[in-house]
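Please find below a short note on the structure, set out as numbered points. Each point may be followed with the sequence and the model side by side.

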Amino acid sequence: MQVVRFDAPGEVLKIQQNADGSVSATADTSRCGIYEYTRTDGTARRELVLPEHLFSPESMRTLGNVAVTAWPPSGHPPELLNPENAGKYSVGHVHETVDAVDAPTETDFGYVRVRLTGRTAEAVKKLTSGKLFTSPGYS
C-alpha cells in the first residue's frame, strides 16, 4: 500500500508580478519538527523531521524542479502527479534552487525555501491574494 503525506503549510514570503502575467514567489515550504498526519481510520500519527534529514542534499534535491498544484481545498490533487495527469493539476513550477534557511529563534530549526512561479489565472489569483500555501507532497 502506498502512503502519501503532505506536510504542514508553509508561508509565501515575497511575490513578484512577471511581464507575462505570471507571478513568482519566494516561500518557506518545509520545516523541521513534529508533523501530525491523520490516518484513514481517523487516528493521529506523529513524525519527527530532523534537520539532518530535511537539509540533506538528497532531500533538498527532491523539492526543486517540481510542479505547483492548487487543487481545492488543500492544494493537493487527489493523486500523485505523473506525465499523464500533470496538465490537469499543474498550475506552475518550483525553480531548481532550493535553500536551507537558518533558524530565526532558539525554538525554531530552520526552513527549506524555494522560488516558485504560478502560471495559471487560478495560481496568480491565489498567490496575490495570500490564499496559496506551500506544502510538499511525497510518498
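1. The coordinates come from a predicted model. A suitable place to begin is Val68, a residue of strand β6, which covers residues 67–69. The relative accessibility of Val68 is 8%, so Val68 counts as buried, since buried means a value under 20%.

2. Which residues surround Val68, once neighbours within four places in sequence are left aside? The contacts of Val68 are Tyr89, Ser90, Val91, Gly92, His93, Val94, Leu116 and Thr117. As a further distance for orientation, the C-alpha atoms of Val68 and Ala86 are 9.8 Å apart, and these two residues are separated by 18 residues along the chain.

3. The strand that holds Val68 belongs to an open sheet of 5 strands, ordered β2-β3-β8-β7-β6 with antiparallel pairing. Strands β2 (11–17) and β6 are at the edges of this sheet; each has a single partner strand, and therefore one side of each has no neighbour in the sheet. On average, neighbouring strands of the sheet are turned by 35 degrees against each other, direction ignored.

4. Within that order, β3 is followed by β8. Strand β3 spans residues 23–31 and strand β8 spans residues 111–118; the two run antiparallel and are joined by 8 bridges. For the student who wishes to locate this pairing in the model, Asp28 is a useful marker: Arg113 in β8 stands opposite Asp28. As general background, strands of a sheet pair through backbone hydrogen bonds, either parallel or antiparallel.

5. A further pairing concerns strands β4 (residues 33–38) and β5 (residues 44–49), which run antiparallel and are connected by 6 bridges. One position to inspect is Ile34, whose bridge partner in β5 is Leu48. Together β4 and β5 form a hairpin, with 5 residues between the two strands. In the turn of this hairpin, Gly42 has a positive phi of about 90 degrees.

6. The last point concerns a helical residue. Ser59 is located in helix α2, which comprises residues 57–61. Is Ser59 buried or exposed? Its relative accessible area is 13%, and Ser59 is therefore buried, because the cut-off for this class is under 20%.

7. What does the side chain of Ser59 reach? The side chain of Ser59 comes to 3.4 Å from the backbone oxygen of Leu54. When residues up to four places away in sequence are not counted, Ser59 touches His53 and Leu54. Leu54 thus appears both in this list of contacts and as the residue whose backbone oxygen is reached.

Definitions and conventions:
Residues are numbered from 1 along each chain as its sequence is written. This is a predicted model: local features need pLDDT of at least 70, side-chain atom pairs count only at pLDDT 80 or more; totals for chains, interfaces and linings use all residues. Side-chain values use heavy atoms; hydrogens and water are left out. Helices (H or I, at least four residues) and strands (E, at least two) are DSSP runs, numbered from the N terminus. Buried means under 20% relative accessible area, exposed over 50%, partly exposed in between (1.4 Å probe, protein chains only). Contact means heavy atoms within 4.5 Å. A polar contact is a pair of N or O atoms within 3.5 Å; within protein, one must be able to donate a hydrogen and the other to accept it, and residues adjacent in sequence count only if both atoms are side-chain atoms. Two strands pair if DSSP finds at least two bridges between them. Axes are lines fitted to C-alpha atoms, for helices over the stretch in contact, and angles run from 0 to 180 degrees between N-to-C directions.
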